[in-house]
Amino acid sequence: QVQLVESGGGLVHPGGSLRLSCAASGSIRSLNTMGWYRQAPGKERELVATITSGGYTNYADSVKGRVTVSRDNAKKMVYLQMNRLKPEDTAVYSCYAAVMDISFASFEVWGQGTLVTVSS
């Protein structure tokens with residue numbers, strides 16, 4: 001069993017910053033691509049940012065220049081630093097990981113999500 005647990009969401013004013021963290025745990029052999037997706041009310045889930053095990057990153061156009069994804073492979077953590085937040089960034093942010101477990105099974109895992117609200 002593999003789990004992802006996010007933390008760091010909350011209420012922030014427009015222009016503010018927030019850092020999300022995601023911890024992976026369980027019978028993990030390797031974590032491949034990890035990242036963040038978000039879903040705003042009434043909208044479909046969309047990519048925010050991903051990072052490969054080698055550190056290659058990919059960002060949605062809507063967040064480029066404002067958001068940085070990073071990871072700590074030793075700690076099995078992935079982070080999302082968000083700056084200059086806008087009201088349209090309000091959403092539930094979910095952590096994602098492509099996992100290989102100790103049985104060599106490969107699958108995708110999602111966290112429960114953490115709410116980010118950008119409002120004055």
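## A walk from a hairpin to the core

In the hairpin of β4 and β5, six residues lie between the strands, and Gly42 takes a positive phi near 80 degrees. Keep in mind as you look around that this is a predicted model.

Let's stay with those two strands for a moment. β4 and β5 pair in the antiparallel sense, and five bridges join them. To see one place where they meet, find Met34: Ile51 of β5 stands opposite Met34.

Now move on to the other neighbour of β5. Strand β6, which covers residues 57-59, pairs with β5 over three bridges, again in the antiparallel sense. Here Thr50 has Asn58 in β6 as its bridge partner. β5 and β6 also form a hairpin, this one with five residues between the strands. Its turn holds Gly55, whose positive phi is about 95 degrees. As you trace any of these strands, a general point may help: in a regular strand, side chains alternate between the two faces of the sheet.

Next, let's turn to the interior. The largest nonpolar core has 32 residues, and those touching the most other members are Trp36, Val48, Val69, Val78, Leu80, Met82 and Tyr93. Several strands give two or more residues to this core, among them β1 (2-7), β3 (18-26), β4 (28-39) and β5 (46-51). Which element gives the most to this core? That is β9, with five residues.

Two of the core residues deserve a closer look. Apart from neighbours within four places in sequence, Tyr93 is in contact with residues including Trp36, Val48, Leu80, Met82 and Val116. Met82 itself lies in strand β8. Is Met82 buried or exposed? Its relative accessibility is 1%, so Met82 counts as buried. Leaving aside neighbours within four places in sequence, the contacts of Met82 include Leu18, Leu20, Val67, Tyr93 and Val116. Leu18 shows how the chain comes back to itself: Leu18 and Met82 are 64 residues apart along the chain, yet their C-alpha atoms are separated by 5.3 Å.

Finally, look for the sulfur atoms. The model has one disulfide, formed by Cys22 and Cys95, with 2.0 Å between their sulfur atoms. This pair links distant parts of the chain, 73 residues apart, with Cys22 in strand β3 and Cys95 in strand β9. In general, a disulfide is a covalent bond between the sulfur atoms of two cysteines. The link of Cys22 and Cys95 is left-handed, with -85 degrees about the S-S bond, and both cysteines are buried.

Technical notes:
Residues numbered from 1 in each chain as written. Predicted model: local features only at pLDDT ≥ 70, side-chain atom pairs only at ≥ 80, totals over all residues. Heavy atoms only, no water. Core = buried A, V, L, I, M, F, W, Y, C linked by side-chain atoms within 4.5 Å. Buried < 20%, exposed > 50% of the residue type's maximum accessible area, 1.4 Å probe, protein only. Helix = DSSP H or I, 4+ residues; strand = E, 2+ residues; numbered from the N terminus. Contact = heavy atoms within 4.5 Å. Pairing = 2+ DSSP bridges. Disulfide = S-S within 2.5 Å.
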